[in-house]
Amino acid sequence: MNISSAIGVFGGTFDPIHIGHLRLACALRDELGLHEVRLIPTGEPPHRQPPYLPARVRLALVQAAVRDHAGLVADDREICRQGYCYTVDTLREIRQQVGATTALYLLIGGDSLLQLHTWREWQQLFTLAHLVVATRPGFAIEHLAPEVRHFWQTRQADDFAKQSAAGTIRTLSLAPLDVSATQIRAKLQANEDVSALLPPAVREPLMTYLHCKKTQ
Ligand code: ATP
């Protein structure tokens, strides 16, 4: 088992990346002792409206946010791919690159877990990676779809020696933080200050982009 090179995968719209995302990526790295966590902004999200920020801006902000954080890497594969991007395809691609024995840890928020049964080939995710869940305020296991709850109950990590490359579920021990990109976009539209919700390295480039857009 290739534990020393275990990799974290954290996909999202990152519209824009916020302090909640960065805190989660660092916690994933630190709690699981990962040498690398890849933050992968999605190109065209299959389940959602087109993002507020264009893909190249969301990627640039993720790159700025991770710059001073050891082990965090911005991964542009979904933005470079044409058409819809599904997590299962991204994980297949990464699995092919890293080989069968490297442990992969896919990080998702509790709200995403509530939707997991709607994701393309969601059961296959467990053949490709472990799932790590970051609960959000209000998260309750009873709200999970029955088929996801079954996975939740039967796949709880019992390999604390980390002997497998995929297949378990665990939660991060981090306390939930009530911050979302939706809140940030709403505040921006109301001309409210969002700096406290953004990683410091993201504030200036985001404000510059929004200012240029307004004055175009
Ligand atoms: P939006 O408000 O636009 O839906 P978001 O803040 O949820 O955005 P996404 O880019 O959609 O951010 O999130 C990427 C992943 O990070 C998702 O799995 C989401 O559940 C998770 N996530 C984002 N913010 C938090 C948070 N504060 N706590 C736990 N998980 C989070």
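**Exercise 1. The second largest pocket**

Work out which residues line the second largest pocket, and which helices supply at least two residues of that lining.

*Solution.* Begin with the rule for a pocket, which is an open set of points on a 1 Å grid over the protein atoms alone, where a 1.4 Å probe fits and with protein on both sides within 12 Å along at least five of seven lines, while lining residues have an atom within 4 Å of a point. By that rule the lining consists of Tyr52, Leu188, Gln189, Asn191, Glu192, Met207, Leu210, His211, Lys213 and Lys214. This is a predicted model, in which local features need pLDDT of at least 70 and side-chain atom pairs count only at pLDDT 80 or more, whereas totals for chains, interfaces and linings use all residues. Residues are numbered from 1 along each chain as its sequence is written, and side-chain values use heavy atoms, with hydrogens and water left out.

Next, assign the lining to helices, which are DSSP runs of H or I of at least four residues, just as strands are runs of E of at least two, numbered from the N terminus. Helix H8 (181-189) and helix H9 (200-215) each supply at least two lining residues, and the largest share, five residues, comes from H9. Then sort by class, counting Ala, Val, Leu, Ile, Met, Phe, Trp, Tyr, Cys and Pro as nonpolar, Asp, Glu, Lys and Arg as charged, and the others, Gly among them, as polar; the lining has four nonpolar, three polar and three charged residues. Finally, the volume, taken as the space filled by probe spheres set on grid points joined across faces, edges and corners, is about 260 Å³.

**Exercise 2. Asn191 in the lining**

Locate Asn191 and decide whether Asn191 is buried or exposed.

*Solution.* Asn191, one of the residues lining the second largest pocket, lies in the loop between H8 and H9. Buried means under 20% relative accessible area, exposed over 50%, and partly exposed in between, with a 1.4 Å probe and protein chains only. Asn191 is therefore exposed, because its relative accessible area is 63%. The phi of Asn191 is near 60°, a positive value in a residue other than glycine, whereas most residues other than glycine have a negative phi.

**Exercise 3. The surroundings of His21**

Find which residues His21 touches, not counting residues up to four places away in sequence, and describe the loop residues among them.

*Solution.* His21 is found in helix H1 (residues 19-32), and His21 counts as buried because its relative accessibility is 13%. Taking contact as heavy atoms within 4.5 Å, His21 touches Phe10, Phe14 and Pro16. A polar atom of the His21 side chain also lies 3.0 Å from the backbone nitrogen of His18.

Phe14 is in the loop between S1 and H1, has a positive phi of about 50° although it is not a glycine, and is buried at 2% relative accessibility. Pro16 is found in the loop between strand S1 (2-12) and H1, and the peptide bond leading from Asp15 to Pro16 is cis, with omega near 5°.

**Exercise 4. Disulfides**

Determine how many disulfides there are, and how far Cys80 is from the nearest cysteine sulfur.

*Solution.* A disulfide is a pair of cysteine sulfur atoms within 2.5 Å, and by this rule the count is zero. For Cys80, which is in no disulfide, the nearest cysteine sulfur is that of Cys85, 9.7 Å away.

Note on methods
A polar contact is a pair of N or O atoms within 3.5 Å; within protein, one must be able to donate a hydrogen and the other to accept it, and residues adjacent in sequence count only if both atoms are side-chain atoms.
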